[in-house]
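Colleague: I have some questions about the terms used for this model. Please set each value against its definition.

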Amino acid sequence: MICVIKFLGSNCYEDMVNAYKKMNLDCQVIHHNDKSLPSETKLVILPGGFSWGDYLRCGAIAARSNIIKALKKFIDNGGVAIGICNGFQILCESKILPGMLLRNKNLKFMSMNVALKVQNNDNIMLCDYKRDSIINLPIANGDGNYITDQKTLDSMKENNQIILKYTSDINGSIEQIAGICNKDKNVFALMPHPERALNIKSFNTKFEDFSSKNMDGFFMLQSLAKHAMNKNLCL
Amino acid sequence: MTFIADIEIKQREGILDPEEDTIFRAIKHINENVSNVQLIKKFNIEIKADSKDNALKECTILVDDILANAIIHDYIINIQEKI
């Protein structure tokens, strides 16, 4: 079963549920106050949004919620998790992933389609993509400027933990990083939204703006679920 | 005993805060003599503890755990007994 965690202020959980329901997968929304994940959980998703209004720092309050403690246990047992946008910020704030996300360098909320380069594909999320291939995904964030210290960055490079990069410097992110994973490659995070633009109705048919290219996100969600479902976890 | 903790949290040196930078540029527009601006977040916390040392210990845990992020922040805690 796929669990999508709903925090106060999450607003992308329904897109996520819809995306997986289209793939005929069992997907359930879990409340942030729950102290444990259902025993049949195979994949956990931290969706985008503005948990607790992004007060204090983005994701800082959500990172201290009950469900994150359960998530840490799940991850330690080899469970697969992904954080998208605000989910990325929550994973960094809860120290499950290294680094953190600052305000975009232009101080603007950025909502647009961006080109991304697949930096590493030796992981269960991007194994269906070719290394160095360019994919298109929508972003919508005010705090997507990834930062980490040089030592951590070097070790991330060494372990192929940098998985997606922007093709240009759009928000000040160190080395144009858009997505990362942990050392064990079972926790993933990215600022762009692969779950968006999976509905044909969201494609622009009036004029060619390449919005249909955003379908690229489908394959990473599919591959992640496929591999996560095949894992046998003892919870 | 009740103590009052003045907690100041600021961006670490060398880490660019785009907000701070934008405010600096705006201020410089008004007064050219301004050479630097620092944006500091201040919390005022009332805490019960049996000594000043313990109050400081408790506050340090709070700041490390949630109020500041060690990757980008430095902080100063000042403790005084509430009169």
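Colleague: How many salt bridges are counted between chain B and chain A?

Modeller: The count is 1 salt bridge. This is a predicted model, in which local features need pLDDT of at least 70 and side-chain atom pairs count only at pLDDT 80 or more, while totals for chains, interfaces and linings use all residues. Residues are numbered from 1 along each chain as its sequence is written, and side-chain values use heavy atoms, with hydrogens and water left out.

Colleague: What makes A:Arg103 and B:Glu19 a salt bridge?

Modeller: A salt bridge needs a side-chain nitrogen of Lys or Arg within 4 Å of a carboxyl oxygen of Asp or Glu. In A:Arg103 and B:Glu19 the closest N and O atoms are 3.3 Å apart, so the pair fits the definition.

Colleague: Which elements give two or more residues to the side of chain B that touches chain A?

Modeller: They are helix 1 (18–30), strand 2 (40–48) and helix 2 (52–67) of chain B. Helix 2 of chain B gives the most, with 4 residues. Helices (H or I, at least four residues) and strands (E, at least two) are DSSP runs, numbered from the N terminus.

Colleague: Why is A:Asn86 called buried?

Modeller: Buried means under 20% relative accessible area (1.4 Å probe, protein chains only), with exposed over 50% and partly exposed in between. A:Asn86 has 0%, so the residue is buried. A:Asn86 is found in helix 3 (residues 86–93) of chain A.

Terms used. Chains lettered and ligands numbered in written order.
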